[in-house]
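These are my notebook entries on a structure I looked through. I recorded each item as I looked it up.

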Amino acid sequence: AEGSTHTLMATVSQYACQRRTTTENNNKIFTDAFEVLAESYEFNEIEGRCLAFRRAASMLKSLPRAVRCLGEMQDLPCLGEHTKAVMEEILQCGCSFEVKKLLSDERYQTFKLFTSVFGVGPKTADKWHRRGLRSFSDILADRSIHLNRMQQSGFLHYGDISRAVSKAEARSLRNIIDGAARAITPAAILALTGGFSRGKEFGHDVDFIVTTPELGREESLLPEVIDGLKKQGILLYCDYHASTFDVAKLPIRRFEAMDHFAKCFLILRLEGSRVEGGLNSAEGDGRGWRAVRVDLVSPPMDHYAFALLGWTGSRFERDLRRFAGAKRGMLLDNHALYDKTKNEFLAAETEKDIFAHLGLEYIEPWQRNA
Ligand code: TTP
Ligand code: MN
Ligand code: MN
Ligand code: MN
């Protein structure tokens, strides 16, 4: 009675940055199915369809309640023929035949398994699948396969890092990184970003911004923090990327997956975390520690707000960029916001400043789970 079709969809924007999306998902039955389809298209490098299913899922996550009938879909954005057909089937039969078929598909299952390893993407999974490899033991037994350092760590710590990280573990890690940064400079700034800053209960890693108000100092801060973690004996893996950030090269006009700030992808040893078994038999019971993935990024302080907004992540951030370009003639990325009409950079000290420049209502991080 309370939910006429109108209240469900009257104001839904096609852009995630104009929607509020909490961690409560009322349409999980549809979005789980869409994620399987999106993944399958991703594995087969059919990017357009993958994106279509991800955008549709993101839109459904923002709805205040479940979609209950075909009629309710008509005015919702981001839904095409294929997505609607899948939803219709789920409404009628409780599941999608196409999704069921994929879940039992050998190629999908193998890609899913292989890409669950840290350092293995669809390209590597495809290479291994073509060679007839189907399991971890197939890979590890094949002497002709060369694993890079990241993949070696991925297999070594597989059991631990494929287990979700809890909020409590994220807090412990925060204290560790905070201690390490403060030992170097008391002025160090540490901010939680990524999924945990959006209020998620669990994550696949923990993301932090580590920087300092002293401009230029942030470049050497990160290597020093890493060194501190190493001296504590808790650095299990480190992939460090020095800064390639250059204000003179802004704005960056083509999309790049990675930003240019100094950053590192780590695996840390977290003490006091109980662990069940892992792939590696050494990761057995009775251990008082677990391995956990941590990402650190160090933007210079005058670009802090852009880095924070970018690293807070989810589809929300991607749609912010898309909205900036399509609706405002602006270029937004993790480094800066550039107004192409005025030919100038728009400075920002806070995320709120960036929303204001874009003429968007401010949306809290916990409402950005798009
Ligand atoms: P993730 O840690 O991959 O995702 P998440 O924190 O949202 O979810 P999970 O709980 O599974 O960890 O990425 C966080 C954000 O970091 C994501 O929006 C992408 C962003 N990021 C950049 O902006 N630049 C980069 O160079 C990298 C590596 C990540
Ligand atoms: Mn994360
Ligand atoms: Mn690298
Ligand atoms: Mn991350």
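**Entry 1. The aspartates of the record**

I began with aspartate 207 in this predicted model. Outside the four places on either side in sequence, aspartate 207 is in contact with Thr193, Gly194, Asp295 and Trp311. I placed aspartate 207 in strand S4. Is aspartate 207 buried or exposed? Aspartate 207 has 22 C-beta neighbours inside 10 Å, so it counts as buried.

I then consulted the record for this position. An unreviewed UniProt entry lists Asp205, Asp207 and Asp295 under "binding site". These three are spread over 91 residues of sequence, yet they cluster in space, with a largest C-alpha distance of 7.3 Å.

I turned next to aspartate 205, which sits in the loop between strand S3 (202-203) and strand S4 (206-211). I found 19 other C-beta atoms within 10 Å of aspartate 205, and it is therefore partly exposed. Setting aside neighbours within four places in sequence, I noted Val165, Arg293, Val294 and Asp295 as contacts of aspartate 205. Asp295 thus appears among the contacts of aspartate 205 and among those of aspartate 207.

**Entry 2. Ligand 1 and the domains**

I looked up the division of the protein chain, which gives domain 1 (5-102), domain 2 (108-152), domain 3 (165-303) and domain 4 (307-367). For domain 2 and domain 4, I recorded 37 Å between the C-alpha centres.

Which residues come nearest to ligand 1? Of the 16 residues around ligand 1, they are Gly194, Gly195, Gly203, Met258 and Gly313. Helix H13 (194-197), helix H15 (304-312) and helix H16 (314-328) are the elements that give two or more residues to this shell. By character, I counted two nonpolar, eight polar and six charged residues in the shell around ligand 1.

Why does ligand 1 lie between domain 3 and domain 4? Both domain 3 (165-303) and domain 4 (307-367) give residues to its shell, so ligand 1 lies between them.

**Entry 3. The nonpolar cores**

I looked up the largest nonpolar core, which holds 64 residues. Val210, Leu268 and Leu296 touch the most other members of this core. H15 supplies the largest share of the core, seven residues. Apart from this core lies another of 16 residues, including Phe30, Ala56, Val86 and Met87.

I followed leucine 268 further. Beyond four places in sequence, leucine 268 is in contact with Leu173, Leu229, Ile234, Leu235, Leu236, Val292 and Val294.

**Entry 4. Phenylalanine 34 and serine 153**

I located phenylalanine 34 in helix H2 (residues 28-43). Phenylalanine 34 counts as buried because 24 C-beta neighbours lie inside 10 Å, where 20 or more are required. Leaving out neighbours within four places in sequence, its contacts are Phe53, Ala56, Ala57 and Thr83. From phenylalanine 34 to phenylalanine 53, I noted 19 residues in sequence and 5.5 Å in space, C-alpha to C-alpha.

Serine 153 lies in helix H10 (residues 149-156). With 24 other C-beta atoms within 10 Å, serine 153 is buried. Not counting residues up to four places away in sequence, serine 153 touches Phe118, Tyr237 and Ile267. I also looked up serine 153 and leucine 229, which are 76 residues apart along the chain, with 17 Å between their C-alpha atoms.

**Entry 5. Backbone details**

I checked the peptide bonds and noted a cis bond joining leucine 250 and proline 251, with omega about -5°. Proline 251 is in the loop between strand S5 (235-241) and strand S6 (262-271).

I then looked up positive phi values in residues other than glycine. Cysteine 78 has phi near 65°, and asparagine 343 has phi near 50°. Cysteine 78 belongs to the loop between helix H4 (70-73) and helix H5 (81-93). Asparagine 343 belongs to the loop between strand S9 (337-339) and strand S10 (344-345).

How many C-beta neighbours does asparagine 343 have inside 10 Å? I recorded 7, so asparagine 343 counts as exposed. Cysteine 78 has 19 other C-beta atoms within 10 Å and is therefore partly exposed.

Key
Residues are numbered from 1 along each chain as its sequence is written. Chains are lettered from A and ligands numbered from 1 in the order in which they are written. This is a predicted model: local features need pLDDT of at least 70, side-chain atom pairs count only at pLDDT 80 or more; totals for chains, interfaces and linings use all residues. A residue is near a molecule or strand if its C-beta atom, placed from the backbone, lies within 6 Å of it. Helices (H or I, at least four residues) and strands (E, at least two) are DSSP runs, numbered from the N terminus. Ala, Val, Leu, Ile, Met, Phe, Trp, Tyr, Cys and Pro count as nonpolar, Asp, Glu, Lys and Arg as charged, and the others, Gly among them, as polar. Domain bounds come from an automatic or database domain assignment. A nonpolar core is a set of buried Ala, Val, Leu, Ile, Met, Phe, Trp, Tyr and Cys residues joined through C-beta atoms within 7 Å. A residue is buried if 20 or more other C-beta atoms lie within 10 Å of its own, exposed if 12 or fewer, and partly exposed in between; C-beta atoms are placed from the backbone. Two residues are in contact if their C-beta atoms, placed from the backbone, lie within 7 Å. UniProt positions are given in the numbering used here, feature names are shortened, and annotations may be inferred rather than shown by experiment.
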